[in-house]
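The following note sets out comments on the structure shown below. The points are numbered for ease of reply.

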Number of protein chains: 2
Amino acid sequence: MTRFALTLEFDGTPFVGLQRQATGPSVQQAVEDAAHAVTGEAVTMHAAGRTDTGVHALAMRAHVDIEKAIEPFRLMEALNAHLRPDPIAVIACAAVPDDWHARFSCIGRAYEYRIANRRAPLTLERNRAWQVARPLDADAMHTAAQALVGRHDFTTFRSVQCQAASPVKTLDRLDVRREGEHVIVEAAARSFLHHQVRSMVGCLALVGMGRWNIGGVAKALAARDRQALGLNAPPHGLYFVKAEYPGEA
Amino acid sequence: MTRFALTLEFDGTPFVGLQRQATGPSVQQAVEDAAHAVTGEAVTMHAAGRTDTGVHALAMRAHVDIEKAIEPFRLMEALNAHLRPDPIAVIACAAVPDDWHARFSCIGRAYEYRIANRRAPLTLERNRAWQVARPLDADAMHTAAQALVGRHDFTTFRSVQCQAASPVKTLDRLDVRREGEHVIVEAAARSFLHHQVRSMVGCLALVGMGRWNIGGVAKALAARDRQALGLNAPPHGLYFVKAEYPGEA
């Protein structure tokens, strides 16, 4: 048996999410089916994160255990051939030690959220960004975001379906910047609660629009109450961009 | 009657092209239908360029003549409302003099061609870039491209369906640069022949792969023969990015 670490890029639009569910096609099912087609084995994929329907990934990390003797490059090429026409690509593949686990070994996760701040409907970026018509003050959003950095009880920013044992998490970074008509939010932490990034972005957008003042975000955090959430940003602006592991640069 | 200049952004994937055709949905038909829905008038749209099926636009310029009294901003909003769910957006709209013509007044056109230079199939960029697996030498492509800049007979780089009176055109700029895994080609001229940009990009890609030497592009140009064309790049990597008019900055 060899354990292979996979780096996955995918368009989350047609999937119920990363994780296998009875309700529709998932990224996990597509990769497991492709691995079965390549090896004839019943393969289970484990991933660093569990993204929702519509959420994208530029570099999700995952692993699979394969009995068949196969080189990493050959496995990657064969998986990509079988993944067509699903919008999932294996962009890197490496053999790793048996105790390397995509989820449990992961020590850092990073997301990016893309807002298209314009009046016109999206065309080429449809399902790739959240269109916000009202002008956003990205500097005010960045200032407000700093209240969330650090170790906090994030109950306000947690989905009611969240399965984490504790609402206390340490947010390492939450940066907001403008790039032309886009406002980009970058978030990094060891781990996140369900809907945490989207909930934080929704509240920051309220600040950006001037509907909340800068202190509103800190107040929502202090409330430790989902009812204090101003807005949950839609999934299609969210990208999983990085997972970190010990010993990786 | 007021003439309105429109700036259009569109995803060319679902259209037979910009120009109205009996064979399927076009950008022209969608905009004319939207204008009819807004005004009740039979409106004809004229555009700066005629893009093929699959070719995108970030800022195509066009004009329509409208009898109904309407402010440019209101017209833009109403057109966008009626264009849904087509992936076409009016991103700017202004009243212009009656002798301003989107096609005949245009004194410069610019295209961008995006190549995703990677082995893995495209996911988020599917239909948005040309995937080329073999490593490309962008510097060699840029050097080769300079042989095409200037006034030349571009017969080699012209579709057999091209309706232009003469194959002689002046190419103002053809720049190739690498941006991470992408290779970007920028082309600017007063006007282009049908398939000219895609034909030039196809030959430059052959140089980038090492299948043609740098002099191969100049040789193909000198042949003035469509048979000398090495490769026509696919439409879905091509973006119409700019049209210039006298008096605009």
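1. In this predicted model, residues 144-246 of chain A are 24% helix and 30% strand, and the C-alpha atoms at the two ends of the span lie 31 Å apart. The other span, residues 9-104 of chain A, is 26% helix and 25% strand, with its end C-alpha atoms 20 Å apart. Both spans are covered by a UniProt annotation from an unreviewed entry, "domain: Pseudouridine synthase I TruA alpha/beta".

2. The record also contains a single-residue feature: UniProt places "active site" at A:D52, again in an unreviewed entry. In the model, A:D52 is found in the loop between β2 (46-47) and β3 of chain A. Its relative accessible area is 22%; because the cut-off for a buried residue is under 20%, A:D52 is classed as partly exposed. Leaving aside residues up to four places away in sequence, A:D52 touches A:V16, A:G17, A:H194, A:H195 and A:R198.

3. Helix α2 of chain A (residues 72-83) has 12 residues, and its end C-alpha atoms are 16 Å apart; this agrees with the span of 16 Å that follows from 1.5 Å a residue. The buried residues of α2(A) are A:L75, A:M76, A:A78, A:L79, A:N80 and A:L83. An α-helix has 3.6 residues a turn, so residues three or four places apart point the same way. The cover over the buried residues of α2(A) includes β1 (2-10), α1 (27-39), β3 (56-66) and β4 (88-96) of chain A.

4. The contact between the two chains should be described in terms of both residues and area. Chain A contributes 26 residues in contact with 26 residues of chain B. About 1900 Å² is buried between chain A and chain B, and carbon and sulfur atoms give 54% of this area. Of the area that chain A buries against chain B, 33% is supplied by A:P121, A:T123 and A:L124, more than by any other three residues.

5. Which polar interactions link chain A and chain B? Across their interface, 12 residue pairs are in polar contact. The count of salt bridges between chain A and chain B is 4. A:R118 forms a salt bridge with B:E9, in which the closest N and O atoms are 2.9 Å apart. On the side of chain A that touches chain B, β1, β3, α2 and β4 of chain A each supply at least two residues. The largest share of that side, 4 residues, comes from β4(A).

How values were computed
Residues numbered from 1 in each chain as written. Chains lettered and ligands numbered in written order. Predicted model: local features only at pLDDT ≥ 70, side-chain atom pairs only at ≥ 80, totals over all residues. Heavy atoms only, no water. Expected span 1.5 Å × (residues − 1). Buried < 20%, exposed > 50% of the residue type's maximum accessible area, 1.4 Å probe, protein only. Contact = heavy atoms within 4.5 Å. UniProt positions renumbered as here; feature names shortened; annotations may be inferred. Buried area = accessible area lost by both parts, 1.4 Å probe. Salt bridge = Lys/Arg side-chain N within 4 Å of Asp/Glu carboxyl O. Polar contact = N/O pair within 3.5 Å; in protein donor to acceptor, adjacent residues only side chain to side chain.
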